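Reader: I would like to go through this structure with you, one question at a time. Where shall we start?

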Amino acid sequence: MLFNSYVFILAFLPLTLIGYFLLGRLPERIPLNKLFLVLASFVFYGYNNPSYVPIIVCSILINYALSQMMLASEKKGLRLPLMLLGLFLNLGVLFYFKYHDFFISNFNAAFKTSFALHHLMLPLGISFFTFQQLSYVIDSYRRTVPRYNILDYALFVTFFPQLVAGPIVLHSEIVPQFADEKNRRFNFDNFAPGLYAFALGLFKKVIVADTFGAAVEAGFSSALSLNTIEAWFVAIGYTLQLYFDFSGYCDVATGVGLMFNIKIPLNFNSPYKSMNIREFWQRWHITLSRFLTSYIYFPLGGSRKGLTRTCINLMIVFLASGLWHGAGWLFLLWGLMHGAASVLYRLFRKQYDSLHPALQWLMTFCFVIVAWVFFRATSLADALAIVKSMLMMDFGPIRDSITSAFALPGGFRPGYNGIFMMIWYVLALVACLGMRNTYEKTMDFKPTLLNAFTTVVLILYVTLSLSGVSVFLYFNF
Amino acid sequence: MNKKNWALLCLSGLLGAFVFLSAVVIAVDPFQVYRLATAYMPPIDNTTQVYANAGIVRHYDYDSAIVGTSVTENFSPSLMDEALGGRFIKLCTSAGTAYNHALLMDLAFRTHDMKRIVYGFDVYSYVAGLDETGSEVPLYLYDSNPFNDAQYWLNRSVLGSFLPRCLRAWGQKQDDTIRDTMYNWAGRDEYGRAALYNALFDPPEVIQPADQYLAAAKANIETHLIPFIQAHPETQFDLFFPPYSAAEWSSMLSKGTLDALLPLRGLAYDMLSGYENVTIYDFAAREDWVLSLSNYKDTLHYGEWINDEIVRAIADGSGVVNSRDSLDQASARLRAWANDLIAAGEWIYD
């Protein structure tokens, strides 16, 4: 089920809230509220394709069983094979669904073989729930986690706001909140900011991101023939689309989480305000960076084994990040670019930090924009053509297929679409660079008539706009 | 204001707005999903056909229907009433697939006692996937689940465009002529040699295998046609193969699809001719029609006078396919015309 759907906004969310808090009135020893929320999350997960549900159920049961065995065992020698089995199973399933065809098609191309491709549908959110559970399996091996009951564990994995597209939450930040007695009761102090974040997030995802998305689609589908102006608008457009799409989705998750009295961790902290690439990764998809740092970078030695090893470790982390985002060479290349930039920053940090802050910001932002081109393009040729166009100084008009994405509802004054487009870009950039982000606004939320009006209008506007089809970019990553 | 009051204000504002907007849409009902429009002229046009059809199929008064793609849109239900008896309605979907047609027939049978269905069998409609439609269909208007109609009540286009259209047409009443005029595109186009603008006479570069679409077509017939025929023995199904111009078959040959599409005619005959309530008509090889460009606006679409002729032919039983052999002979003629046109590299008939 999508957040941006009638069934979610008008039925699933209100009914789940009512059911959860009504059952929360039962004594704590009867945790029907949690059971209800787990079942509701399965409905959310399997709504469009029920065949995914057994996969996640098996994944939860196996990971839970392995973790419990490790937590019960004093001997490291016994825990190690269990942990390795857990790693193997989780990564194996992820590989089977996500990377099998990529690997085989490259193998076939390299060795002129013809092994069959599976053409499997990627189970929803598999990259997210696999990583989330891996963290628990590894922490169980280290015995740094408490034993949870199966219901709490299932809730940590399936809690629907974060289930299909993150943030990648840790058991230690979710389970205790569900265990807290006072969180069983409906609380307006959480519900109000939650509703506000929900409205802002939906608006970012459905209205802002999808408007830029239409222009970006038009631009990338004629990647080979863009002039310099168009190429910049398309590349910046994608930069904006991706941010508003993914951070909007996370804002909705944050908002819905709050409605259930659960604080979901911050995932986007105005990343385009970053002054260097290191800061960017501390602000963009924070929970992924946190996971990769904890479970890849640190185990590899982090920055404690000398400069060379640090640089190699950085590259490994970013290659893993690239591959996590999708099974394709362009994702790897994108990871490589960010890895290289991080290494360069590490090597020349002093010189870089002495530059004028405006120049630092500009360099970081431009790099991020160019790297996103490789992330979005369907072929290397397309990506290179767009980057080349960005540098070619070949100025010309912007084609209608791009500007028409910004047309007024009803197509009024189509001659002014170019101006409407400029207004969208300026406002979106101001929002990214000059305004406080949703999380900040939510955390120090003050109820006013103005934000009540904004909340109602945005939710209403988004709901009325759902008659079209909206594609969520991060689903299959 | 405290957070509780703030939240209650927002929730009541949202609830109020949702209820009010839904009530307005349900009351006006631009697509006639709940009742026949009596106070205004409903918006019925080819561009939003799949929406308007949901109301037409439910609430118009009929006991017979013409089902098919754009080549059936110029039929005149009033003429069909006269020639065939009953009271006809158009259940047409431009570029529709077998699934499109099945959605409409399903609702027609659920809401009406049907005497007869005249069904234009386009081979193109039968190569699609089982749940594939020509354009996106608002299935929420076709099912019997009232809750998913929220997509209709809280729909930006309905509120912003169709409601105003209804209000502008307030006071205009629809009368019985709407059955003939709906979706009718007669008189808009030029007929004659101009029809060749989309014709192909080049030899094929690749040829699709003969069994390319057989499985898909078989599944479509089994899923989207036979269940209606079996469930409604009281309903007469008149299936006809439409008379495309010979240039359409040469274009198929040129694109390499002829070998794959032509067998669908035989397949349909084999699967359907055994039913007592089915009569199959073949107008595809009617020389006097398909070799004369004056009947066509493009290689596929014939003028409305051909629709009228088809009705008369069905009424007097001419064009009935009595055996697989005679259908195959007609198919062979289609192929021969295609071959001749490709060999000539141009239109050679009139």
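Author: This is a predicted model. We start with burial in chain B: of its 350 residues, 44% are buried.

Reader: What radius of gyration does chain B have, and what would a compact globule have?

Author: Take the chain length as the starting point, 350 residues. A compact globule with that many residues would have a radius of gyration near 20 Å. The value for chain B agrees with this; it is 23 Å.

Reader: What does the C-alpha trace of chain B span along its principal axes?

Author: The span is taken along the principal axes of the C-alpha trace. For chain B it is about 85 × 45 × 40 Å.

Reader: Of the contacts in chain B between residues at least 6 apart in sequence, what share joins residues at least 24 apart?

Author: Start from contacts in chain B whose residues are at least 6 apart in sequence. Then keep those that join residues at least 24 apart. The share is 85%.

Reader: How many helices and strands does chain B have, and in what order do the strands stand in the sheet?

Author: Chain B has 15 helices and five strands. Five strands form an open sheet, and the pairing is parallel. Neighbouring strands of this sheet are turned by 20 degrees against each other on average, direction ignored. The order is β2-β1-β3-β4-β5.

Reader: Which strands of chain B stand at the edges of the sheet?

Author: Look for strands with a single partner strand. Such a strand has one side left without a neighbour in the sheet, because nothing pairs with it there. In chain B these are β2 (88–92) and β5 (278–282).

Reader: Which strands does β3 of chain B pair with, and through how many bridges?

Author: Strand β3 (residues 116–120) runs parallel to β4 (residues 236–241), and five bridges join them. One residue opposite pair here is B:Gly120 with B:Phe240, and B:Ile117 has B:Phe237 as its bridge partner. Toward β1 (residues 64–68), B:Ile66 stands opposite B:Val118. The partners of β3(B) are thus β4(B), with five bridges, and β1(B), with four.

Reader: How many residues of β3(B) are buried, and which way do they point?

Author: B:Arg116, B:Val118 and B:Gly120 point one way from the strand. B:Ile117 and B:Tyr119 point the other way. The strand is largely enclosed by the rest of the structure, because the number of its residues that are buried is five of five.

Reader: Which element gives the largest share of the side of chain B that touches chain A?

Author: The contact takes 19 residues from chain B and 20 residues from chain A. On the side of chain B, the elements that give two or more residues are α1 (3–28), α5 (150–153) and α6 (156–168). The largest share is nine residues, and it comes from α1(B).

Reader: How do the residues on that side of chain B divide by class?

Author: Three are charged and six are polar. The nonpolar residues number 10.

Reader: Which element of domain 1 of chain A gives the largest share of the side that touches domain 2?

Author: Chain A is divided into domain 1 (6–186) and domain 2 (190–465), and their centres are 27 Å apart over C-alpha atoms. In the contact, 25 residues of domain 1 meet 22 residues of domain 2. The elements giving two or more residues from domain 1 are α1 (6–23), α4 (76–111), α5 (126–141) and α7 (171–179) of chain A. The largest share, five residues, comes from α5(A).

Technical notes. Residues numbered from 1 in each chain as written. Chains lettered and ligands numbered in written order. Predicted model: local features only at pLDDT ≥ 70, side-chain atom pairs only at ≥ 80, totals over all residues. Contact = placed C-beta atoms within 7 Å. Nonpolar A, V, L, I, M, F, W, Y, C, P; charged D, E, K, R; others polar. Domains from an automatic or database assignment. Rg over C-alpha atoms; globule rule 2.2 N^0.38 Å. Buried ≥ 20, exposed ≤ 12 C-beta atoms within 10 Å, placed from the backbone. Pairing = 2+ DSSP bridges. Axes fitted to C-alpha atoms, helices over the stretch in contact; angles between N-to-C directions.
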